[in-house]
Amino acid sequence: MGTIKKTTYIIVVISFFISGFLYNMETIKAHRLMIEIEKKGQLGVYFDDGTTASDATVSAFDESGQLIFEEQVDKNGQLTYDPALTIHRFIAEDNFGHRASTMEKDTHIVKEIPAFIRIMIGISCFTFIATFFSFRHQYKEAKEKNNEKRGETNNEKSFN
Amino acid sequence: MHVADGVLSLPVAITTTIGAVGIFVYALKGTKEEEIPKISLLAGGFFVASLINIPIGPTSIHPLLGGFIGLILGRRAPLAILVALLLQALLFQHGGITTFGANTLLMSIPALLVHYMFINRKSLTLFWKGMMSGSLAVLIGVGLLCLLLISTSSYYHDQAFSVIQLVWMAYLPLALIEGVLTGFAIKHLSLIRPQLVKHLMKEEK
């Protein structure tokens, strides 16, 4: 069990440094694709670390799901389209399975939490589970040993 | 490697979800309480490692740690991967709801395979076991991803410079890097905490 305690300590310290490193980079370099409507008639496709998705293809659909147009963004991740079009939904896809849709409203409460805090929440969950079960197991082992000792003492007493 | 919602067709999404449930039950069966701390810590490692991005060309990739998790956790690897993916989905919206099963399979199957492939290899040293499993886990994962994409639509492999080719090109450098890092990690772990890799060491010397 000492090993698990030490390993917990090592992983917490390493995770803290990695989190700090990522925090210092100001953004978390993740790889979620996002569509941002810059203004009517123009949108941008980015990864959530702010880099442009220069190879993304954007499809525009009307309310009945009919494709209105499908175009590739420019090297800056930008796409200009006719602002007179009534577009219900944009879908952006790159060549690696990343996908974004404007139908997914950005109202998720966790997005308001800074990425560093979200990482720490994740690490804390895992560390808590590890520590809880580690101590629980230690407690059980100690209890079993005590019971064995008591049993031995009782046997000795009854023998005497 | 996190496949987003809408990329896979419905039959593929359903099949992979059923597969993920199966692999989860297989991993959960017979789990002992004392194994949970180790599973949880490696899930934490996987959770953090997946947030480190390596930009390659127009996209970005991240470490998968399939080989490392597979060698250390063995049959329990899918438990760590599933929980870590769940937290990534909740906290960072990585992956998708319909593709959760596919993502679980993409990362769990390579971990299980490398574990069974390398656990009893007498001729290999720990470093080589780590290196080969690290690289192989990435390659198997990419192979499975390609299989899912091919099953979904011919769009992914029909073009001259297809998605499948791009995925391989992006992940090949990662396979090499992850192999070397896993090799060193396993070797180092055997020196400082041999208990964690004793199941791999029993056949050595």
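In this tour, helices (H or I, at least four residues) and strands (E, at least two) are DSSP runs, numbered from the N terminus. Keep in mind as you click around that this is a predicted model.

**Stop 1: the two chains**

Start by colouring the structure by chain. With the definition above, chain B has nine helices and two strands. Follow chain B from its N terminus and you will meet the elements in the order α-α-β-β-α-α-α-α-α-α-α. Now switch to chain A, where there are two helices and seven strands. Along its sequence, chain A reads α-β-β-β-β-β-β-β-α.

How much of each chain is buried? Of the 205 residues in chain B, 56% are buried. For the 160 residues of chain A, the buried share is 35%.

You can also ask how far along the sequence the contacts reach. Take the contacts in chain B with a separation of 6 or more: 76% of them join residues 24 or more positions apart. In chain A, the corresponding share is 49%.

**Stop 2: helix α1 and helix α4 of chain B**

Select residues 10–28 of chain B, which form helix α1, and residues 77–92 of chain B, which form helix α4. These two helices pack with their axes 8 Å apart, at an angle of about 125°. That angle makes α1(B) oblique to α4(B). The crossing of α1(B) past α4(B) is left-handed.

Which residues make this contact? Show the side chains of B:Ile23, B:Phe24, B:Ala27 and B:Leu28 on α1(B), then B:Pro78, B:Leu79 and B:Leu82 on α4(B). Sorted by class, the contact of α1(B) with α4(B) has seven nonpolar residues, no polar ones and no charged ones.

Here is a handy rule for reading helix contacts. An α-helix has 3.6 residues a turn, so residues three or four places apart point the same way.

**Stop 3: a closer look at α4 of chain B**

Keep α4(B) selected and try the distance tool on its end C-alpha atoms. They are 22 Å apart, which agrees with the 22 Å that its 16 residues should span at 1.5 Å a residue.

Next, turn on a surface for the protein. Because 12 of its 16 residues are buried, α4(B) is largely enclosed by the rest of the structure. Among the buried residues are B:Ala77, B:Ile81, B:Leu85, B:Gln88 and B:Phe92. Then step just past the helix to B:Gln93, where phi is positive, at about 55°.

**Stop 4: α2 and α3 of chain B**

Move to helix α2 of chain B, residues 36–49. From its first C-alpha to its last, α2(B) reaches 20 Å with 14 residues, close to the 20 Å expected at 1.5 Å a residue. This helix, α2(B), is mostly covered, with 11 of its 14 residues buried. They include B:Pro37, B:Leu41, B:Gly44 and B:Val48.

Add α3, residues 66–73 of chain B. The axes of α2(B) and α3(B) come within 11 Å and cross at roughly 175°. The two helices, α2(B) and α3(B), are therefore roughly antiparallel to each other. To see where they touch, display B:Lys38, B:Ile39, B:Leu42 and B:Phe46 in α2(B), which meet B:Phe68, B:Ile69, B:Ile72 and B:Leu73 in α3(B). The contact of α2(B) with α3(B) divides into seven nonpolar, no polar and one charged.

Before leaving, click on B:Leu65, in the loop between β2 (59–61) and α3. Its phi is near 60°, a positive value in a residue other than glycine.

**Stop 5: two residues in α6 and α8 of chain B**

Select B:Tyr171 in helix α8 (residues 163–192) of chain B. Is B:Tyr171 buried or exposed? With a relative accessible area of 5%, B:Tyr171 falls under the 20% cut-off and is buried.

Leaving aside neighbours within four places in sequence, B:Tyr171 is in contact with B:Met1, B:Ile61, B:Leu64, B:Val138 and B:Val142. Try the distance tool once more: B:Tyr171 and B:Leu139 are 32 residues apart in sequence, and their C-alpha atoms are 7.7 Å apart in space.

Finish at B:Ser135, in helix α6 (residues 126–152) of chain B. B:Ser135 counts as buried, at 14% relative accessibility. Not counting residues up to four places away in sequence, B:Ser135 touches B:Ala175, B:Leu176 and B:Gly179.

Technical notes: Residues numbered from 1 in each chain as written. Chains lettered and ligands numbered in written order. Predicted model: local features only at pLDDT ≥ 70, side-chain atom pairs only at ≥ 80, totals over all residues. Heavy atoms only, no water. Axes fitted to C-alpha atoms, helices over the stretch in contact; angles between N-to-C directions. Parallel < 35°, antiparallel > 145°, perpendicular 65-115°, else oblique. Left-handed = near helix turned anticlockwise from the far one by under 90°. Contact = heavy atoms within 4.5 Å. Nonpolar A, V, L, I, M, F, W, Y, C, P; charged D, E, K, R; others polar. Expected span 1.5 Å × (residues − 1). Buried < 20%, exposed > 50% of the residue type's maximum accessible area, 1.4 Å probe, protein only.
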